[in-house]
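Colleague: I'm new to this one. Could you walk me through a few spots?

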Amino acid sequence: MAVAGALFSLLALVAVIVTDLHDRDFPQAIGAQSRLGLDFGESQFSDREAFAALTQMDADWNLGLVRIAPDLAGDSDERIFVALNNRSLAATFRWFSGTGEGRVVGRDRLANSSPDGSYLVTGDRARLAELQSRLNSAGVRVTRIDASVTGSLRFAMQEGGFAAAVLAAFALIAALALFWLSMKARSRALRVLGGCPALRIQAQDLCGFAAALLVPAAAVTLVAVAYVGLARGWLYVGVFVKALAGVEVAVIAVSLLVALAMSASAWPSATMLATRQPAVKSLRSAAVVVQALTFLLVVGAAGPAWSAYRSSSATAAEMAQWKNLADQVAVQFGMSDDEMTSLEPRIGNLVKDGEAAGAIAYSYTFSDETWGGDLGDYSAVTFVNQRWLDLMTTNAPPGALTPVRYDHVSSMLSREFGETFSLLSRSRRPGGQILSAFGYLRPADGFRMPVAQGGGGGSLAFLDDVLVAVIPSLHQTFNDRNLTSMVSTRNILFTGVAATQGLLERDGLSSEALSDRGIKGDLSVVYVAEEGILRAQFMAYVVWLMNLALAALVVAFTVAAAISALITALLHAKRDFPLRLSGRPWGRILQSRVYKELLAGVALVCLVALFQRPDAVGALLVAALFGMFVVPLSHLWAANWCFSGVSRRRI
């Protein structure tokens with residue numbers, strides 16, 4: 001019951017994680033019950049029309065739509081929630097995690113945002129299907145997700161390290177079932193000898209095992225609910241109880257099935273009493289199988305779990321680069337192609353003025369996958385300006401980029417990009433001459449350079465084998481047509497909303513100026529880092545989740561190994577007691593069984609390495625060494641416990 005209590009405490013921690021994940025997706029404090037993902041890319045709405053339509057439908061149907069957005073002010077990486085209409089939502093609210101505060105702000109925050117993104121439904125959901133239908137008919141892609149604790153639990157289980165910890169919990173419960181049967185082995189035989197039917201014995205033992213699990217489960221649940229209610233708020237108790245009950249029911253059901261299978265494999269019999277055999281002898285095979293499977297689980301999961309942790313950590317660090325683009329905006333075109341073509345000279349002047357003010361960041365990347373050429377030693381070539389380098393290397397270590405001599409890459413660049421730059425250039429100079437005026441760099445070992453994918457709509461790639469070409473001046477290098485194209489694909493970014501609005505007015509690209517010229521469309525200024533920052537926040541959370549999963553896996557294996565060793569010690573108690581009583585050291589008494597298990601462990605490690613071929617060999621070896629360290633200690637502890645029990649006539 002003590003071990004089961006520890007196990008259910010671990011499951012309570014799992015439920016806390018699931019509740020936190022659920023609250024991050026659907027903040028309970030503002031009553032979020034559904035989330036809509038809206039993509040207006042192929043719709044008939046402009047940005048302003050999209051927001052106007054959403055606001056009107058929200059007001060008419062009392063949906064309580066709230067847009068999720070990152071907090072771009074200061075150094076905070078928290079999300080904020082923008083209410084499309086004034087509702088009775090508190091200006092601030094508390095997260096389940098207790099870290100920081102959520103903020104609800106007015107619609108003005110979306111003045112320079114794209115309508116694409118995630119929206120929470122905090123009001124009446126009766127007309128939500130009608131909203132979906134109306135948006136779909138207008139060409140808007142709508143993804144709806146309703147709040148579900150089961151969905152949050154399923155999402156958590158899909159994480160590799162987290163799933164490994166849960167599997168380890170199942171292995172622990174199997175060891176508990178084996179331990180329970182080993183404790184009951186002698187009484188089972190005595191009850192058979194007394195004439196009790198075998199089926200009744202099985203039912204009694206199974207009910208006793210269930211009670212030994214249900215009592216600590218109920219106690220842990222009550223304590224955990226009280227803690228969540230008092231420390232985190234009673235608002236979250238419903239979600240927490242659903243998550244905890246779900247995992248507890250699953251674990252108890254599996255444990256009862258395992259106990260039933262083991263009990264059937266070790267059918268109670270009076271023969272062992274008649275032949276004076278240890279009552280737990282029939283469980284020897286099951287004990288060996290459980291211990292081997294538990295060790296195999298730990299060794300097999302160590303490499304993938306550590307690789308996933310490293311990958312999550314690296315991704316979180318990379319995604320944090322989005323914060324460097326927090327004040328960067330893109331100019332979004334809401335007009336026809338003909339209108340865009342007529343504005344190309346003005347867009348060229350806009351880029352020229354932005355460069356003069358030091359407010360232009362540029363990156364355009366050609367990868368070997370999309371380019372289709374031969375880039376030599378590099379997987380990609382990215383063309384950037386100095387402003388982009390300054391933004392992306394703010395937190396980089398000194399020497400993150402090393403110079404590359406032009407004569408080392410000139411033949412590749414002239415062959416692959418010479419003709420292209422001749423067509424793109426403003427002066428129609430030969431492409432080789434243009435390329436020779438650029439500076440060239442490459443990332444140093446251990447640094448992955450954030451670059452914008454060519455025509456990728458502002459998405460970033462993090463590359464360690466990219467050739468970085470630094471362009472002195474965009475306006476002098478590219479003609480107006482190509483500058484306009486790169487502005488529209490968000491490969492050219494501007495600094496600051498107010499400053500960019502000022503540039504648009506200066507170059508005759510404001511809404512009023514365009515209307516006076518007879519242009520029906522408009523240009524809007526939108527932040528580019530919103531979705532990237534939100535993804536970075538999630539990846540940082542996944543890193544913490546992986547840390548917890550690895551710790552849970554280690555704890556589960558340690559307990560399982562100790563129980564398995566205790567079963568083995570019970571099987572050898574008659575042999576170990578007189579040997580120890582005669583003065584023989586524990587090392588000699590235990591050496592045969594320890595050596596066998598160590599050899600079996602080495603074989604299992606080799607088997608995992610052969611079939612899995614893990615990248616993280618170090619993690620595999622550490623897990624193996626940990627197992628080799630825990631096994632002898634577990635046997636020593638178990639043998640001492642049995643010796644003490646026999647000497648006191650308790651076994």
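Modeller: Sure, here are some questions and answers on a predicted model.

Colleague: Let's start with strand β2 (residues 65-70): how many of its residues are buried?

Modeller: In a regular strand, side chains alternate between the two faces of the sheet. Here Leu65, Arg67 and Ala69 point one way, while Val66, Ile68 and Pro70 point the other way, and all are buried. So β2 is largely enclosed by the rest of the structure, and the number is six of the six.

Colleague: And in β6, which residue is the bridge partner of Val66?

Modeller: β2 has antiparallel pairings with β3 (residues 79-83), over five bridges, and with β6 (residues 117-121), over three. In β3, Val66 stands opposite Ala83. Over in β6, its bridge partner is Leu120.

Colleague: How many aromatic pairs are there, and what is the angle between the planes of Phe81 and Trp95?

Modeller: The count is 18 aromatic pairs. Phe81 and Trp95 make a tilted one, 5.7 Å centre to centre. Phe81 sits in strand β3 and Trp95 in the loop between β4 and β5, 14 residues apart. As for the angle between their planes, that's 50°.

Colleague: Are Phe421 and Phe478 buried or exposed?

Modeller: Their ring centres are 5.8 Å apart with planes at 40°, so the pair is tilted. Phe421 lies in helix α14 and Phe478 in the loop between α16 and α17, 57 residues apart. Both belong to a cluster linked by ring pairs, with Tyr362 and Trp371 among the other members. Both Phe421 and Phe478 are buried.

Terms used
Residues numbered from 1 in each chain as written. Predicted model: local features only at pLDDT ≥ 70, side-chain atom pairs only at ≥ 80, totals over all residues. Heavy atoms only, no water. Buried < 20%, exposed > 50% of the residue type's maximum accessible area, 1.4 Å probe, protein only. Helix = DSSP H or I, 4+ residues; strand = E, 2+ residues; numbered from the N terminus. Pairing = 2+ DSSP bridges. Phe/Tyr/Trp six-rings, centres within 6.5 Å; stacked < 30°, edge-to-face > 60°.
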